[in-house]
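Thanks for asking me to look this one over. Here are my notes, written with a modeller's eye in mind.

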Amino acid sequence: MGKVHITTFGCQMNEYDSARILDILTGLGYRAAAGREEADLLIFNTCSVRAKAQNKLYSFLGQLRDYKKTHPQVRIAVTGCLAQQEGRRMLKALPQVDLVLGPDALPDLPRLLPLVLEGRRMAEVKLEGQADLPLSGRRASLVSQVTVMRGCDNFCSYCVVPYVRGREKSRPAGAIADEVEALTAGGAREVHLLGQNVNSYRDEEGVDFPRLLTLLARIPDLLRIRFTTSHPKDLSPALMETLASEPKVMKGLHLPVQAGSDRILAAMKRGYTRTRYLDLVRRLRETVPEISLSGDIIVGFPGEKEEDFRQTMSLLDEVGYDFLFSFQYSDRPLTPAGVLPGKVSEEEKRRRLLVLQARQREISLTRHQALLGRVAEVLVEGPAKKGHGWLRGREAGGRTVNFAGPPGLRGRLIKVKLESATVNSLRAVRLTPLETIAAKDLG
Ligand code: 5AD
Ligand code: SF4
């Protein structure tokens, strides 16, 4: 059988789907290619949330048009949100593409692939599938991702996700637990539960998200559980309590606000006001004082005036995010915001983004500095980028920590003391004595 290369764009949900695709193909006898030129099946798992990822995909596909003329045996498949958005149109517009497969149609891959290898060109973009096809555990990594729900029902006015990922569908808690157990048996120690809006998770038996967390926390070899994304309008007191009381649940929350002005929040159809958001953050910090908070911001939404932007800036100061993802607004097909008047120019969006990011760097640094001198528990993920003798891991809030130690500590929870800080990471010294760890494990 052949070799496959997968290029993944976009969010963690796509990373998870890429792992599933590789799992399906390995089952069919494929091996992973080291590079694109080695592969006879090229898969692009795409994102359509912002125009940038879309442009990048088209530039890749453009280059492949000539490549396919000299390599006629190569097959090209496009999966993910852009596949869903474009469907058959993509086959028409791009003769180099052989297969277009929407996210819910992934289980059809084994059926369609032989036809594509025979030379047929196909598109499959149905949206109703439960698509509950767990990873087998073969592909477990120390920190593994697990989708708990797919789709989104919120229809924020700028967002294409509800159109390309369909309605919210929660996977059965039992299936999720089985998958997490299999991943743990395969070496996973931390799982990231993924969903566009995990707070509205509810399976057919009535298991809600806090209950799911409690269930998963019982899996013995699993050390940590993290989850994303939480929609502010659905963040429940029960979830805050679980964050506070369940030791395996990491003390980090991604709580996208998107804008600091009520006028823009309403135009975005986010379902909360600035005051309500700030109130949630206050209650969260009361319940879980050590919580690490991250958010998403969009600058330059249609109609965003200088005063609205100032409100976003002041919200950053009031919240004090540990980490922030920020984006320039980008028109997406199908979305109501795409046709709103008052478009902000590209230069102005860029200027606002740079101002915002500069301020956030200061805030992130201050937040990190406030932690110095404290003891933290780090799950060691591997060697640090900075080189020999340094390890990299994350503390309970998800912040990156580097410290000196032997490579055999990978996969262990190690106590450290935080000593210095940069915008993106913390440096620490190890407190857990090596004598407590068996010599054979230290490698
Ligand atoms: N333009 C810019 N950013 C967007 N996002 C979603 N849609 C758009 C858009 N049209 C951002 C939001 C969301 C994150 C995943 O991507 O901040 O939370
Ligand atoms: Fe998009 Fe809003 Fe759903 Fe998030 S909650 S995926 S921003 S529609």
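The points below take the two ligand sites and then a small sheet with its helices.

1. A word on provenance: this is a predicted model, and the distances and angles here are computed from it.

2. Let's start with ligand 1. Its surroundings are Val49, Arg50, Tyr158, Gln258, Asp296, Ile298, Phe327, Gln328, Tyr329, Ser330 and Arg332. By class, that shell splits into five nonpolar, three polar and three charged residues.

3. Three side chains place polar atoms by oxygen atoms of ligand 1. For Arg50 the distance is 2.6 Å, for Gln258 it is 2.7 Å, and for Asp296 it is 2.6 Å. Of the 400 Å² of accessible area that ligand 1 has on its own, the protein covers 85%. Strand S13 (292–299) and strand S14 (323–328) are the elements giving two or more residues to this shell.

4. Ligand 2 has a shell of seven nonpolar, three polar and one charged residues. Among them are Cys152, Cys156, Cys159, His231 and Arg270. Tyr158 is also in the list for ligand 2, and it appears around ligand 1 too.

5. Now the sheet: three strands form an open, parallel arrangement in the order S7-S10-S11. Strands S7 (143–147) and S11 (224–228) each have a single partner strand, so one side of each is left without a neighbour in the sheet. Neighbouring strands are turned by 25° on average, direction ignored. S10 (residues 190–194) and S11 share five bridges, with Val191 opposite Ile225.

6. Two helices lie across this sheet. Helix H1 (residues 12–27) crosses S7, S10 and S11, at about 95° to S7. Helix H8 (residues 209–217) lies across S10 and S11, at about 155° to S11.

Notes
Residues numbered from 1 in each chain as written. Chains lettered and ligands numbered in written order. Predicted model: local features only at pLDDT ≥ 70, side-chain atom pairs only at ≥ 80, totals over all residues. Heavy atoms only, no water. Near = heavy atom within 4 Å. Nonpolar A, V, L, I, M, F, W, Y, C, P; charged D, E, K, R; others polar. Pairing = 2+ DSSP bridges. Helix = DSSP H or I, 4+ residues; strand = E, 2+ residues; numbered from the N terminus. Axes fitted to C-alpha atoms, helices over the stretch in contact; angles between N-to-C directions. Contact = heavy atoms within 4.5 Å. Polar contact = N/O pair within 3.5 Å; in protein donor to acceptor, adjacent residues only side chain to side chain. Areas by Shrake-Rupley, 256 points an atom, 1.4 Å probe, with all protein chains shown as cover.
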